[in-house]
Amino acid sequence: MLRKVLIANRGEIAVRVIRALREMNIPSVAVFSDVDRHALHVRMADEAVGIGGAASADSYLRMDKIIDAARKVGADSIHPGYGFLSENAAFAALCEKEGLIFIGPPSSAIEQLGSKTSARQLAKRAGTPIPPGTEEALNNANEAKAIAREVGYPVILKAASGGGGKGMRRVEREEDLEAAFRDASSEAERSFRDSAVYIEKFIVRPRHIEIQILGDHHGNMIYLGERECSIQRRHQKVVEEAPSPFIVNHPELRAKMGEAAVAAAKEAGYTNAGTCEFLVDIHGNFYFLEMNTRLQVEHPVTESITSIDLVKWQLRIAAGEKLTLKQEDISIRGWSMECRLYAEDADNGFLPSPGEITSLSLPGGPGVRLDSGVYPGWKVPLEYDPLLIKLVAWAETREDVVHRLIRALEETHIGGIRTNVEFFLDLLADTEFLAADLHTGFLDEWFTRRKKHEFTPAEIEAAKRVSALARRPKPQQVHVKSKWKELPLR
Ligand code: MV4
């Protein structure tokens, strides 16, 4: 087993990894920046090492300081969490060179999957379906025009080094293609210092569904079902759930997507935990978008429906152990949903709202899991992502899990800062959300609908006094709505 693990991260994910290590009796080492000296992950770890200034570039992104810290405390391995250095191939390679175990895939896999064009090539070789388009960067707008004529409009231009929706342009007609090509290339250059863009057919009104995989160093690899992540705002996930309402009645589609994810990961020489992102259209056709070579924020919903601890498996796999779970051992039970509680002002454009948490009262009871990185009296710094707590619920059905989340949100009181708790109560009490006809445009449309209603301040106050549970439609109206019954499966 691993001797001592340094966690090159902060906040709730550092705490999550420390908890797994504690249960496995492996010593944990936190690192912290100047503003994180009193953070929860520092308090919970067995040891902690300061690695520099508040700005990420001076601390959590400093490969040299993190490697030095690992050396100093005698750690043999590093868990990168998510964000920061987690998908940095150079950091994984540096760990490999220094004889430290990087708890994640090999640097070669991170590198191949980091470039979107090379990931497309790899998926194609593996037989994993991709949106029609190019697997090489385009040299000019005329090349884009030729491909767009072949695959048909709308198309989408994407940065080869892209992520988070930057350097992306949807194009409806040929006359808009040249300007869009210029815009996408220059945004890609500014954002990633790489102007390379490629083109894909635009998949209309898709669902964003991802497949969790686990692979060991002995050739074993499995998939652990899907997560539905279509509820996003500006490419930031807001609510995640598993299973996907779109897939739940179609185990054969789940199996096909799972096998496609495993095939792509195997082609990359992948090990450890990873996630294949797919777009799924209304007909049940699925298309590989990219692979996330890290543990994801939303991993707990998969843990909840499979009863498998993904972080413990990451640690065992990194230590060279065999993945003793077989595909036929994986079964899905019930429904899980996660709300990301942020220090942000939901009434003012979701602007970050850092500051001191003056009081904190958190939910509990059956089926409630809290992955928190905060405590009362802690001052949320403005330098980092303001995710405070992941509230994750489990229940037998989707309807029950939504009711449970509402109940848990109503038990939640975070004082001193603005949060998005009230926003979740509004969203989860919405009939359309309950109907589960989710797609990537759902949240934008929901905000538009809400604005149109234009409630008076008195109505808002009245609504706040009534439990969101009481505002819900009657249970008999509720069932998972699937717009398609018979899927034309590939
Ligand atoms: C697409 C697409 C439609 N067709 N690709 C946005 C982020 C990036 N990772 C991929 N994205 C998209 N790629 C094709 N061929 C639509 C999106 C997209 C999206 C995807 C997932 C979740 C939310 C989204 C919101 C807008 C656009």
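At what angle do helix 13 and helix 15 pack, and how far apart are their axes? This tour of a predicted model takes that contact as its opening stop and then proceeds to the cores, the sheets and several individual residues.

**Stop 1: helix 13 and helix 15**

Select residues 421–428 for helix 13 and residues 442–453 for helix 15. The two helices pack at an angle of about 90 degrees, and their axes are 12 Å apart. Angles from 65 to 115 degrees count as roughly perpendicular, and helix 13 and helix 15 are therefore roughly perpendicular to each other. Next, display the side chains at the contact. Helix 13 contributes Phe423, Asp426 and Leu427, which meet Phe442, Leu443, Trp446, Phe447 and Arg450 of helix 15. By class, the residues of this contact comprise six nonpolar, no polar and two charged.

**Stop 2: phenylalanine 423 and the nonpolar cores**

Keep phenylalanine 423 selected and display its surroundings. Leaving aside residues up to four places away in sequence, phenylalanine 423 touches Val238, Ala346, Phe350, Leu443, Trp446 and Phe447. The largest nonpolar core has 73 residues, of which Leu6, Ile78, Phe423 and Phe433 touch the most other members. Apart from this core lies another, of 32 residues; Ile7, Leu21, Ala30 and Ile330 are among them.

**Stop 3: the eight-stranded sheet**

Now colour the strands of the open sheet of eight, whose order is 13-12-9-10-11-14-21-19 and whose pairing is antiparallel. At its edges are strand 13 (286–292) and strand 19 (368–372), each of which pairs on one side only. Neighbouring strands in this sheet are turned against each other by 25 degrees on average, direction ignored.

Within the sheet, select strand 9 (residues 207–215) and strand 12 (residues 272–280), an antiparallel pair joined by nine bridges. For a single pair to inspect, take isoleucine 209, whose bridge partner in strand 12 is phenylalanine 278. Then add helix 11 (residues 310–318), which packs on the sheet and touches strand 9, strand 10 (221–233) and strand 12. The direction of helix 11 makes about 40 degrees with that of strand 9.

**Stop 4: glutamate 228**

Is glutamate 228 buried or exposed? Select this residue in strand 10. Glutamate 228 has a relative accessible area of 2%; the cut-off for a buried residue is under 20%, so glutamate 228 counts as buried. Its contacts, not counting residues up to four places away in sequence, include Arg207, His208 and Ile209, as well as Val239, Glu240 and Glu241. Ser244, Pro245, Phe246 and Leu438 are also touched by glutamate 228. A distance label may be placed between the C-alpha atoms of glutamate 228 and glutamate 210: they are separated by 6.7 Å, although the two residues are 18 apart along the chain.

**Stop 5: backbone geometry**

Most residues other than glycine have a negative phi, and most peptide bonds are trans. The following selections concern exceptions.

- Asparagine 272, in strand 12, has a positive phi, near 75 degrees. This residue is buried, with a relative accessible area of 1%.
- Alanine 436 lies in the loop between helix 14 (431–435) and helix 15. Its phi is also positive, near 70 degrees, and at 6% relative accessibility alanine 436 counts as buried.
- The peptide bond from tyrosine 153 to proline 154 is cis, with omega near -5 degrees. Proline 154 is located in the loop between helix 7 (141–151) and strand 6 (155–159).
- Alanine 242 and proline 243 are joined by a cis peptide bond with omega of about 0 degrees. Proline 243 belongs to the loop between strand 11 (236–242) and helix 9 (251–267).

**Stop 6: the three-stranded sheet**

From proline 154, continue into strand 6 (155–159). Which strands form the open sheet of three, and in what order? The order is 7-6-8, with antiparallel pairing. Strand 7 (169–171) and strand 8 (197–201) are the edge strands, and each pairs on one side only. The twist from one strand to the next averages 25 degrees.

Strand 6 and strand 7 run antiparallel and are joined by three bridges; in one of the pairs, leucine 157 has arginine 169 in strand 7 as its bridge partner. Finally, display two helices with this sheet. Helix 6 (residues 116–126) packs on the sheet and touches strand 6 and strand 8, its direction making about 45 degrees with that of strand 8. Helix 8 (residues 177–192) lies across strand 6, strand 7 and strand 8, and runs at about 25 degrees to strand 6.

Conventions. Residues are numbered from 1 along each chain as its sequence is written. This is a predicted model: local features need pLDDT of at least 70, side-chain atom pairs count only at pLDDT 80 or more; totals for chains, interfaces and linings use all residues. Side-chain values use heavy atoms; hydrogens and water are left out. Two strands pair if DSSP finds at least two bridges between them. Helices (H or I, at least four residues) and strands (E, at least two) are DSSP runs, numbered from the N terminus. Axes are lines fitted to C-alpha atoms, for helices over the stretch in contact, and angles run from 0 to 180 degrees between N-to-C directions. Contact means heavy atoms within 4.5 Å. Angles under 35 degrees count as roughly parallel, over 145 as roughly antiparallel, 65 to 115 as roughly perpendicular and the rest as oblique. Ala, Val, Leu, Ile, Met, Phe, Trp, Tyr, Cys and Pro count as nonpolar, Asp, Glu, Lys and Arg as charged, and the others, Gly among them, as polar. A nonpolar core is a set of buried Ala, Val, Leu, Ile, Met, Phe, Trp, Tyr and Cys residues joined through side-chain atoms within 4.5 Å. Buried means under 20% relative accessible area, exposed over 50%, partly exposed in between (1.4 Å probe, protein chains only).
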